[in-house]
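The following exercises ask for a reasoned reading of one protein model. Each task is followed by a solution in steps.

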Amino acid sequence: MTRHAVLRIPTVTDFDAPYFLSTPGAGKTIADHRKNQIVFGQGDHADAVFFILQGRVKLTVLSEQGKEAVVGLLEPGQFFGECCLNGIPVRTSTATTMEDSIIAVINKATMLATLRDEPAMSEFFMAYLLARNSRIEEDLIDQLFNSSEKRLARLLLILARFGEDGSSQPIDIDISQETLAEMIGTTRSRVSYFMNKFRRLGFISYDATIQVHESLLNAMSNTSIAAQKAS
């Protein structure tokens, strides 16, 4: 697999966080993972931080009762497994690739030393943590106050990257209705019902991939989706 990583070679006095994360070295490796490969499992020893260079990763949690929930879909440029930096000794979730992926693995000691010694790396990592915290707050509000229909609509808009450049991109990852249901806390049959409804209303279209249209964003912004009538 071709690695798309290096932006430029840093000078001694110019620490480059993306370059550091995308190249192997002391305490760092770059690993290729095939689709549906487990990166780490819930309960595994936690001794490294991971950074996605290419591909996507799904985080899931399994309850004592055997119920699985999807707690995150991660893309290139995102960290995962960073809880080990806070002294948590074991993994609290399972990380599985959703497609062929390239992932940087930085051991805990190397990551902590770099954060301590390199202000540019600390700033890069802090920006990620702040953005993730904002996303978690938004997800919590969504879960507490919105219907499952609106939660699905919001998730589709996020997956289609609405808002980044004013247009959507096809949702090109292999994501099942069961996974969507696990992410928004409802059943697969309800997701199927809502997806068919969204398609009838012209909010989405799908064949090989799901395409989210601006009309779904407008419906979310202006009125309750439940008030919309099928054409």
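A surface patch is built from residues with over 30% relative accessible area and no salt bridge, and nonpolar side chains are joined within 5 Å. The model treated here is predicted.

**Exercise 1. The nonpolar patch**

Determine which residues form a nonpolar patch on the surface, and place Leu140 within the secondary structure.

Solution. Step 1: the patch consists of Leu140, Ile141, Leu144 and Phe145. Together, these four residues have about 470 Å² of accessible area. Step 2: Leu140 belongs to helix 3, which covers residues 119-145. Step 3: the relative accessible area of Leu140 is 51%. Exposed means over 50%, so Leu140 counts as exposed.

**Exercise 2. The overall description**

Summarise the secondary structure, burial, contacts and accessible surface of the protein.

Solution. Step 1: the secondary structure comprises seven helices and ten strands. Step 2: the protein has 231 residues, of which 40% count as buried. Step 3: among contacts with a separation of 6 or more, 69% are made by residues 24 or more positions apart. Step 4: about 12,700 Å² of the protein is exposed, and carbon and sulfur atoms supply 52% of this area.

**Exercise 3. Salt bridges between parts of the chain**

State how many salt bridges the whole structure contains, then examine the pairs of Lys35 with Asp174 and of Arg56 with Glu99.

Solution. Step 1: a search of the whole structure yields twelve salt bridges. Step 2: in the bridge between Lys35 and Asp174, the closest N and O atoms are 3.4 Å apart. Lys35 lies in the loop between strand 1 (28-33) and strand 2 (38-40), whereas Asp174 lies in the loop between helix 4 (148-159) and helix 5 (177-184). The pair thus links distant parts of the chain, 139 residues apart. Step 3: Lys35 is partly exposed at 40% relative accessibility, and Asp174 is exposed at 57%.

Step 4: for Arg56 and Glu99, the closest N and O atoms are 3.3 Å apart. Arg56 is in the loop between strand 3 (48-54) and strand 4 (57-62), and Glu99 is in the loop between strand 7 (94-97) and strand 8 (101-107); the pair therefore ties together parts 43 residues apart in sequence. Step 5: buried means under 20% relative accessible area. Arg56, at 9%, therefore counts as buried, while Glu99, at 24%, is partly exposed.

**Exercise 4. A sequence-adjacent pair and a network**

Describe the salt bridge between Arg116 and Asp117, and identify the residues joined by salt bridges that share partners.

Solution. Step 1: the side chains of Arg116 and Asp117 meet at an N to O distance of 3.1 Å. Step 2: Arg116 is exposed at 61% relative accessibility, and Asp117 is partly exposed at 47%. Step 3: salt bridges with shared partners join Arg135, Glu138, Asp139, Asp142 and Arg154 into one network.

**Exercise 5. The partners of strand 4**

Establish how strand 4 pairs with strand 5 and with strand 7.

Solution. Step 1: strand 4 pairs with strand 5 (residues 68-74) in the antiparallel sense, over six bridges. In this pairing, Leu62 stands opposite Glu68 of strand 5. Step 2: the hairpin of strand 4 and strand 5 has five residues between the strands, and Gly66 takes a positive phi near 90 degrees there. Step 3: strand 4 and strand 7 also run antiparallel, joined by four bridges. Val57 stands opposite Thr97 in strand 7.

Conventions:
Residues are numbered from 1 along each chain as its sequence is written. This is a predicted model: local features need pLDDT of at least 70, side-chain atom pairs count only at pLDDT 80 or more; totals for chains, interfaces and linings use all residues. Side-chain values use heavy atoms; hydrogens and water are left out. Patches are made of residues with over 30% relative accessible area and no salt bridge: like charges are joined within 9 Å, nonpolar side chains (Val, Leu, Ile, Met, Phe, Trp, Tyr) within 5 Å. Accessible areas come from the Shrake-Rupley method with a 1.4 Å probe; for residues, only the protein chains shown count as cover. Helices (H or I, at least four residues) and strands (E, at least two) are DSSP runs, numbered from the N terminus. Buried means under 20% relative accessible area, exposed over 50%, partly exposed in between (1.4 Å probe, protein chains only). Contact means heavy atoms within 4.5 Å. Two strands pair if DSSP finds at least two bridges between them.
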